[in-house]
Amino acid sequence: MKIHSFISYIPVSYDKEHHTTASPGDWDNRRLVWGFKDGVLECTEKVAELVCNYLLATYTSAELKGMSLFCCPASTKRANKVRYHYFTKLVVKRTGMQILDVVNYIEDGEAVHNHGKKHAQYAINKNEVSGTRVVLFDDITTTHKTLTNWGRCLISHGAKILDAVTLGRSIYR
């Protein structure tokens, strides 16, 4: 699976551990990521624009109309809605893609970036997955574990994963 990331993301923990200061560009990237995670309108629109521009440059309109966008779920149902509700509407409007909204939260988890240890529990509406052609989206990737696991899950239910896109790639772990 190919993975396309738009920005490099250096966590604040890197600054503390290495006794260094992030560049102004690094801080801009952090603010974009944090704003997107918090549902800040301006940040959400910027991320949607990046994703749409990439998809429109990579696939034809006809291909996009036959594809679905799957957003890797956040740790809580509320965070997922804040992060992806407006974002997915923007992407659908501009690309003609469908949204693959098949995850039901059974139990909320704790955010990994806040050192949460409890993973969310999900159920998948399997009937809507089979035969879909999917682009995975996640906000940040470090090890690609989330993308890989959700990709495998969707493939096991009959989806074909065409691409994976992330806002940022963490360059420090």
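In this predicted model, Val134 is in contact, once its neighbours within four places in sequence are left aside, with Ser68, Phe70, Leu100, Leu154, Ala159, Lys160, Ile161, Leu162 and Asp163. One of these, Phe70, lies 64 residues away along the chain, and yet the C-alpha atoms of Val134 and Phe70 are separated by 6.6 Å. Is Val134 buried or exposed? With a relative accessible area of 0%, Val134 falls under the 20% limit, and therefore Val134 counts as buried.

Val134 has its place in strand S6, and the surroundings of this strand help to put the residue in context. Eight of the nine residues of S6, which spans residues 133–141, are buried, so the strand is largely enclosed by the rest of the structure.

**The sheet**

Strand S6 belongs to an open sheet of five strands, whose order is S1-S7-S6-S2-S3 and whose pairing is parallel. Strands of a sheet pair through backbone hydrogen bonds, either parallel or antiparallel. At the edges stand S1 and strand S3 (98–99), each of which has a single partner strand, so one side of each is left without a neighbour in the sheet. The table lists three of the strand pairs, with the number of bridges and a pair of residues standing opposite each other.

| Strand pair | Bridges | Opposite residues |
|---|---|---|
| S2 (residues 68–71) and S6, parallel | four bridges | Leu69 and Val135 |
| S6 and S7 (residues 160–170), parallel | eight bridges | Asp138 and Thr166 |
| S2 and S3, parallel | two bridges | Ser68 and Gln98 |

How does the chain get from S6 to S7? The chain passes through helix H6 (residues 145–156) on its way between these two strands, and the β-α-β crossover made in this manner is right-handed. Helix H6 lies across S1, S2, S6 and S7, and its direction makes an angle of about 160° with S6. Helix H2, for its part, lies across S1, S6 and S7, and runs at about 115° to S1.

**Two helices that meet**

Two packed helices are described by the angle between their axes and the distance between the axes. For H2 and H3, the axes come within 8 Å and cross at roughly 105°, and the two helices are therefore roughly perpendicular to each other. On the side of H2 the contact is made by Arg31, Leu32, Gly35 and Phe36, while H3 brings Cys43, Thr44, Lys46 and Val47 to it.

**The nonpolar cores**

The largest nonpolar core holds 27 residues, and among these Leu55, Phe87, Val91 and Phe137 touch the most other members. Two or more residues come to this core from each of strand S1 (3–9), helix H2 (24–37), helix H3 (41–58), S2, helix H5 (77–95), S6 and S7. Which element gives the most to this core? Helix H3 does, with seven residues.

Val91 offers a closer view of these surroundings, since, apart from its neighbours within four places in sequence, Val91 is in contact with Ala48, Val51, Cys52, Leu55, Leu69, Gly96 and Met97. A second core, separate from the one just described, has 15 residues, including Leu100, Val103, Trp150 and Ile161. Two of these names, Leu100 and Ile161, also appear among the contacts of Val134, the buried residue of strand S6 with which this report began.

Key: Residues numbered from 1 in each chain as written. Predicted model: local features only at pLDDT ≥ 70, side-chain atom pairs only at ≥ 80, totals over all residues. Heavy atoms only, no water. Buried < 20%, exposed > 50% of the residue type's maximum accessible area, 1.4 Å probe, protein only. Pairing = 2+ DSSP bridges. Right-handed = clockwise from strand over helix to strand, strands pointing away. Core = buried A, V, L, I, M, F, W, Y, C linked by side-chain atoms within 4.5 Å. Contact = heavy atoms within 4.5 Å. Axes fitted to C-alpha atoms, helices over the stretch in contact; angles between N-to-C directions. Parallel < 35°, antiparallel > 145°, perpendicular 65-115°, else oblique.
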